[in-house]
Amino acid sequence: VIVYQEQVMQIAQVLAGYSLGQADMLRRAMGKKKPEEMAKERAIFMAGAERRQVDPARAEFVFDLMEKFAGYGFNKSHSVAYALLSYQTAWLKAHYPAAFLAAALSCDMDNTDRVVLLIDEARRMEVVLEPPNVDLCDYRFVASQSGSIRYGLGAVKGVGQSAIESLVEARQAKPYGSLFDFVLRVDSRRVTRRALESLVRAGALDHFGGHRAALMASLPGVIEAVEQSQRDLSSGQNDLFGGVQEQVLPDLQLVQVPEWSDEQRLHGERETLGLFLSGHPIDGYEDELRQFVDRRISELQPDENRSCRLAGLVTGIRTMNSKRGDRIAFVTIEDRSGRVEVGLFGDLYNQSKDHLVQDMVIVVEGNISLDDYGGRLRVRAEKLFDIEQARTEYARDISIQLCPGGLQGDFSGRLEAVLEPYRNGSCGVTLAYCNEKASARIRLGPGWRVKPRNELLQRLGKLDGVAGVEVCYNPTPRTTAVQG
């Protein structure tokens with residue numbers, strides 16, 4: 001096994017009669033990874049080996065080994081430096097995980113893909129990541145005394161370093177007491193209205209009370225009141241009880257508006273943080289997806305000879321014409337652990353293009369490879385499904401758990417009414433019932449196979465006498481036909 005580049009040079013000297021200078025030229029050629037240069041060196045190596053009466057097959061085998069080594073090898077001093085750095089960082093990660101991850105996140109806070117990966121690593125290591133908070137957080141990610149990580153405000157899009165320095169400086173005397181107090185004390189020339197809105201959407205003002213919709217709706221009135229307060233102070237106005245600030249503050253209540261939906265809240269986080277922090281749209285499907293998805297995105301490895309199955313939320317769609325003039329697409333999907341780009345070509349793109357929508361959960365089967373140009377993993381899709389199509393492809397049964405004593409009245413009639421619109425599908429239906437004396441599972445006949453749609457699952461869950469509904473899956477798909 002070749003470990004260092006110096007060993008390549010020694011092999012070239014001993015087997016092919018290279019001088020040290022020629023051996024160094026070979027080392028450089030290998031470092032450049034240019035096929036044409038390696039082809040020239042192969043011819044020189046084989047000729048030298050022949051002069052030294054080395055078996056041509058063995059010489060060819062050894063050169064192939066050297067060429068393969070060129071994809072990962074370093075010189076000895078470089079390897080030692082990497083080994084030492086790897087040991088030091090592994091030790092820090094093992095013994096000071098919060099500090100190590102905070103430093104890594106701060107180094108890569110402008111690279112959302114890396115931040116997503118590191119946050120997932122923090123979850124895996126059970127290191128708590130505190131959400132953004134203008135009273136606690138600094139520009140960079142930092143480890144708290146309790147062993148958690150405080151979010152770096154520098155990773156909030158739309159809030160510049162000058163604005164963060166201003167709000168950190170202004171809170172030194174005491175914490176901010178409210179939205180009004182915060183807007184009043186920070187420098188409005190540095191913390192602009194756009195920055196305030198970004199902080200609201202990122203959740204950095206959540207501790208002021210209310211909810212994000214109320215904070216956002218209240219901002220215009222608060223900004224106007226602060227501007228009026230500052231005008232009054234600059235003109236020397238004051239009230240009998242000690243100042244405009246005390247007079248205005250009690251009158252400013254948060255505007256009463258409906259709370260944002262989970263979808264709106266998460267969308268705001270992704271716009272400002274580049275990721276979902278307080279949840280993920282895929283969370284509602286996680287237990288279900290786990291039954292038929294091979295692995296998470298962070299666990300992908302290049303393997304062009306083996307198809308894998310993964311799921312994710314569509315966060316980007318890029319279309320273009322191929323060299324042959326066909327329309328192709330590259331779709332970025334993410335789960336909680338990371339992101340990957342999925343390529344759709346030929347008939348699969350044509351069948352899928354009408355179903356590809358931003359923020360839709362999709363399931364992909366395909367081969368994983370390494371993009372030589374960008375150095376990132378890429379998936380070439382062979383099949384693509386939305387979540388309902390995936391259920392149709394992989395689901396075996398809908399299992400309905402019945403409450404003990406829940407079969408009162410005309411339960412069978414009510415169940416029939418719910419199932420009827422979804423009949424003639426591929427998914428069986430099983431009833432699971434138990435009471436103090438016995439338990440039983442009843443599988444409905446083939447005529448009651450259904451299409452496992454979201455609406456059906458929701459209606460079954462609301463049916464009187466039903467304790468729970470679960471979709472049970474086959475470990476492998478029933479068909480091999482391309483699905484759009």
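## The β5–β6 hairpin

In this predicted model, A329 faces L344 of β6 across the strand pairing. Strands β5 and β6, the latter covering residues 338–344, run antiparallel and share seven bridges. Getting from β5 to β6 takes just a hairpin of two residues.

How much of strand β5 is buried? Seven of its nine residues (327–335) are, so the rest of the structure largely encloses this strand.

## Aromatic pairs

There are 11 aromatic pairs in the structure. One of them is Y176 with F182, an edge-to-face arrangement with 4.8 Å centre to centre and 85 degrees between the planes. Both Y176 and F182 are buried.

Back at the hairpin strands, F330 and F345 also pair up: their ring centres are 5.9 Å apart and the planes sit at 85 degrees, so this one counts as edge-to-face, for which the angle has to be over 60. The contact ties together distant parts of the chain, 15 residues apart, with F330 in strand β5 and F345 in the loop between β6 and α15 (346–352). As for burial, F330 has a relative accessible area of 8% and is buried because that is under 20%. F345, at 26%, comes out as partly exposed.

## A cluster and two charges over rings

Four rings gather into one aromatic cluster: F292, F385, Y394 and Y473. Y394 has a charged neighbour too, since R309 lies over its face at 4.4 Å from the ring centre.

Which ring does the charged end of R423 sit over? That would be W448, with 3.8 Å to the ring centre.

## A small mixed sheet

Elsewhere there's an open sheet of three strands, ordered β1-β3-β2, and its pairing is mixed. The edges are β1 (129–130) and β2 (142–143), each of which pairs on one side only.

Within this sheet, β1 and β3 (residues 149–150) pair in the parallel sense over two bridges. If you want a spot to look at, E130 stands opposite R150 of β3.

## A47 in helix α3

A47 belongs to helix α3, which spans residues 35–51. Is A47 buried, exposed or partly exposed? Its relative accessibility is 29%, so it counts as partly exposed.

A47 also has a contact worth a distance check: its C-alpha atom is 7.5 Å from that of A16, although the two are 31 residues apart along the chain.

Notes
Residues are numbered from 1 along each chain as its sequence is written. This is a predicted model: local features need pLDDT of at least 70, side-chain atom pairs count only at pLDDT 80 or more; totals for chains, interfaces and linings use all residues. Side-chain values use heavy atoms; hydrogens and water are left out. Buried means under 20% relative accessible area, exposed over 50%, partly exposed in between (1.4 Å probe, protein chains only). Helices (H or I, at least four residues) and strands (E, at least two) are DSSP runs, numbered from the N terminus. Two strands pair if DSSP finds at least two bridges between them. Rings of Phe, Tyr and Trp (its six-membered ring) pair if their centres lie within 6.5 Å; planes under 30 degrees apart count as stacked, over 60 as edge-to-face and the rest as tilted. A charge sits over a ring if NZ of Lys or CZ of Arg is within 6 Å of the ring centre and within 35 degrees of the ring normal.
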